[in-house]
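Subject: Structure handover

Hello,

I am passing this structure on to you. Please look through it before reading the notes underneath.

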Amino acid sequence: MGMSVTISVATEQDAEQIFRLQYLCFQSEAALYGNYRIDPLVQSLDSVRAEVATDCVFVARLGDEVVGSVRGALDADGTAAIGKLCVHPRLQGHGIGARLLRAAESALAEERGATRFRLSAGHRSEGNLRLYRRVGYETVGTSQGQDGVPMVVLEKPAEAYAATA
């Protein structure tokens, strides 16, 4: 009998697993851009711990193992910035990323009062862009990450999360 993946709020004890998972998952993104200095790969464990303590962070678990995570933080204008969505490579393509995204959207809207969601993906990250568009995000512009990677910026109104949940 197999175990099922559960989604829950991250705890302080999850920070190290999130840190290691993020490093594993973003290797393919780094390779796509030929840039191994992208933010998720250079973020410190202390910084991940700080985000878990203050931001809206969810994890996907398979038993005791953290196999996915996502983070969100609310800006002063009510925009929730969602980022660092990752799922272990062996479990990608099974809807875990979409479930994590819905959990973050729900908490950010219902508990923190978000009025819209914003996220970004590298311009060559077709799988990520496809997921975000499938769950209702629309391109609103472009930007350049601090690491030099051209990014596509996507948004959706917070009330739309219920329609895609």
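The notes below cover the sheet, the cores and the largest pocket.

Please keep in mind that this is a predicted model.

The sheet

The sheet is open and has 7 strands, in the order 1-2-3-4-5-7-6, with mixed pairing. Its edges are strand 1 (5–9) and strand 6 (138–144); each has a single partner strand, so one side of each is left without a neighbour in the sheet. On average, neighbouring strands are turned by 25° against each other, direction ignored.

Strand 2 and its neighbours

Strand 2 (residues 56–62) runs antiparallel to strand 1, and 5 bridges join the two. One of the residues involved is Ser8, whose bridge partner in strand 2 is Val59. Strand 2 also runs antiparallel to strand 3, here with 7 bridges. Ala60 has Gly68 of strand 3 as its bridge partner. Strands 2 and 3 form a hairpin with 2 residues between them, and Gly63 in the turn has a positive phi of about 65°.

Is strand 2 enclosed or open to the outside? Of its 7 residues, 7 are buried, so strand 2 is largely enclosed by the rest of the structure. In a regular strand, side chains alternate between the two faces of the sheet. In strand 2 both faces are covered: Cys56, Phe58, Ala60 and Leu62 are buried on one side, and Val57, Val59 and Arg61 are buried on the other. Helix 4 (residues 45–54) lies across strand 2, strand 3 (65–74) and strand 4 (79–87), and its direction is at about 105° to strand 2.

The cores

The largest nonpolar core has 33 residues. Those with the most contacts inside this core are Phe58, Ile82, Leu100, Leu108, Phe117, Tyr132 and Tyr137. At least two core residues come from each of strand 2, strand 3, strand 4, helix 5 (96–110), strand 5 (116–122), helix 6 (126–134) and strand 7 (150–157). Helix 5 gives the most, with 9 residues. Apart from this core lies another, of 18 residues, among them Leu21, Cys25, Ala30 and Val59.

Two residues of the largest core can be followed further. Phe117 is found in strand 5. Its relative accessibility is 0%, and because buried means under 20%, Phe117 counts as buried. Phe117 and Tyr33 are 84 residues apart in sequence, and their C-alpha atoms are 25 Å apart in space. Tyr132 touches Leu85, Leu101, Leu119, Ser120, Ala121, Tyr137 and Leu154, not counting residues up to four places away in sequence.

The largest pocket

How many residues line the largest pocket, and which lie nearest its centre? The lining has 48 residues, and Phe26, Lys84, Leu85, Ser120 and Tyr132 lie nearest the centre. Tyr132 is therefore a residue to look at twice, being listed both among those with the most contacts inside the largest core and among those nearest the centre of this pocket. Strand 4 gives the most to the lining, with 7 residues. The space in the pocket is about 1400 Å³.

Regards

Terms used
Residues are numbered from 1 along each chain as its sequence is written. This is a predicted model: local features need pLDDT of at least 70, side-chain atom pairs count only at pLDDT 80 or more; totals for chains, interfaces and linings use all residues. Side-chain values use heavy atoms; hydrogens and water are left out. Two strands pair if DSSP finds at least two bridges between them. Helices (H or I, at least four residues) and strands (E, at least two) are DSSP runs, numbered from the N terminus. Axes are lines fitted to C-alpha atoms, for helices over the stretch in contact, and angles run from 0 to 180 degrees between N-to-C directions. Contact means heavy atoms within 4.5 Å. A nonpolar core is a set of buried Ala, Val, Leu, Ile, Met, Phe, Trp, Tyr and Cys residues joined through side-chain atoms within 4.5 Å. Buried means under 20% relative accessible area, exposed over 50%, partly exposed in between (1.4 Å probe, protein chains only). On a 1 Å grid over the protein atoms alone, a cavity is a set of points where a 1.4 Å probe fits but cannot get out, and a pocket is an open set with protein on both sides within 12 Å along at least five of seven lines; lining residues have an atom within 4 Å of a point. Grid points are joined across faces, edges and corners, and a volume is the space filled by probe spheres set on the points.
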